[in-house]
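Trainee: Got a minute? I'd like to go through this model with you.
Mentor: Sure, put it on the screen and ask away.

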Amino acid sequence: MIESLSSLLNTILVVGLGVIGWIIKRMIERLDIGDKRLTKIEVELAAQRERDAAVESRIGKVETAINEVNGKLDRMMELLMRK
């Protein structure tokens, strides 16, 4: 009886540890998947920031060119009005 009780307790212990190990493994896998998702999102955000910076740079160049053209037009209008 004592041997069978000991075997039963050992079996329960082994099964319990196996279940706990499986739960911990699943939690770690989910954390890894979450980390991969976060890394992917971070990469996408960095790429988006680079695209935004490039667009802002182009807009700044266009704005500068428009201001130069506007200044030239103003000078031409002044010259035409003087004549």
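Trainee: Let's start with Ile24: is Ile24 buried, exposed or partly exposed?
Mentor: This is a predicted model, to be clear up front. Ile24 has 43% relative accessibility, so it counts as partly exposed. That class covers what falls between under 20%, which means buried, and over 50%, which means exposed.

Trainee: And where is the place of Ile24 in the fold?
Mentor: Ile24 sits in helix α1, which covers residues 2-82.

Trainee: Which residues make the nonpolar surface patch?
Mentor: Leu13, Leu17, Ile20, Ile24 and Ile28 make it, and the patch comes to about 480 Å².

Trainee: What about Ile23?
Mentor: Ile23 is in helix α1 as well. With a relative accessible area of 41%, Ile23 is partly exposed.

Trainee: How far apart are the C-alpha atoms of Ile23 and Val43?
Mentor: They are separated by 30 Å, with the two positions 20 residues apart along the chain.

Trainee: Switching to charges. How many salt bridges does the count come to?
Mentor: Two salt bridges. In one of them, the side chains of Glu29 and Lys25 meet at 3.9 Å, N to O. Arg26 forms a salt bridge with Glu29 too, and there the closest N and O atoms are 3.3 Å apart.

Trainee: So what does that make of Lys25, Arg26 and Glu29?
Mentor: A network: salt bridges link Lys25, Arg26 and Glu29.

Trainee: Why are Glu29 and Lys25 separated by about one helical turn?
Mentor: Because they are four residues apart in helix α1. Arg26 and Glu29 also both lie in that helix, three residues apart, which is about one turn.

Trainee: Are those side chains buried or exposed?
Mentor: In between, for the two I can quote. Glu29 is partly exposed at 31% relative accessibility, and Arg26 is partly exposed at 36%.

Trainee: Zooming out, how many helices and strands does the chain have?
Mentor: One helix and zero strands. The radius of gyration is 36 Å, well over the 12 Å that the globule rule gives for 83 residues, so the chain is more spread out than a compact globule.

Trainee: What box do the C-alpha atoms fill?
Mentor: Roughly 120 × 10 × 5 Å, taken along the principal axes.

Trainee: What share of the chain is buried?
Mentor: Buried residues make up 0% of the 83 residues. The chain exposes about 8100 Å², and carbon and sulfur atoms supply 66% of that.

Trainee: Last one: how far apart are the mean positions of the positive and negative charges?
Mentor: They are 6 Å apart, counting 14 positive and 13 negative charges in the chain.

Key. Residues are numbered from 1 along each chain as its sequence is written. This is a predicted model: local features need pLDDT of at least 70, side-chain atom pairs count only at pLDDT 80 or more; totals for chains, interfaces and linings use all residues. Side-chain values use heavy atoms; hydrogens and water are left out. Patches are made of residues with over 30% relative accessible area and no salt bridge: like charges are joined within 9 Å, nonpolar side chains (Val, Leu, Ile, Met, Phe, Trp, Tyr) within 5 Å. Accessible areas come from the Shrake-Rupley method with a 1.4 Å probe; for residues, only the protein chains shown count as cover. A salt bridge is a side-chain nitrogen of Lys or Arg within 4 Å of a carboxyl oxygen of Asp or Glu. Helices (H or I, at least four residues) and strands (E, at least two) are DSSP runs, numbered from the N terminus. Buried means under 20% relative accessible area, exposed over 50%, partly exposed in between (1.4 Å probe, protein chains only). The radius of gyration is taken over C-alpha atoms; the globule rule is 2.2 Å times the number of residues to the power 0.38. Lys and Arg count as positive and Asp and Glu as negative; His and the chain ends are not counted. The place of a charge is taken as NZ of Lys, CZ of Arg, CG of Asp or CD of Glu.
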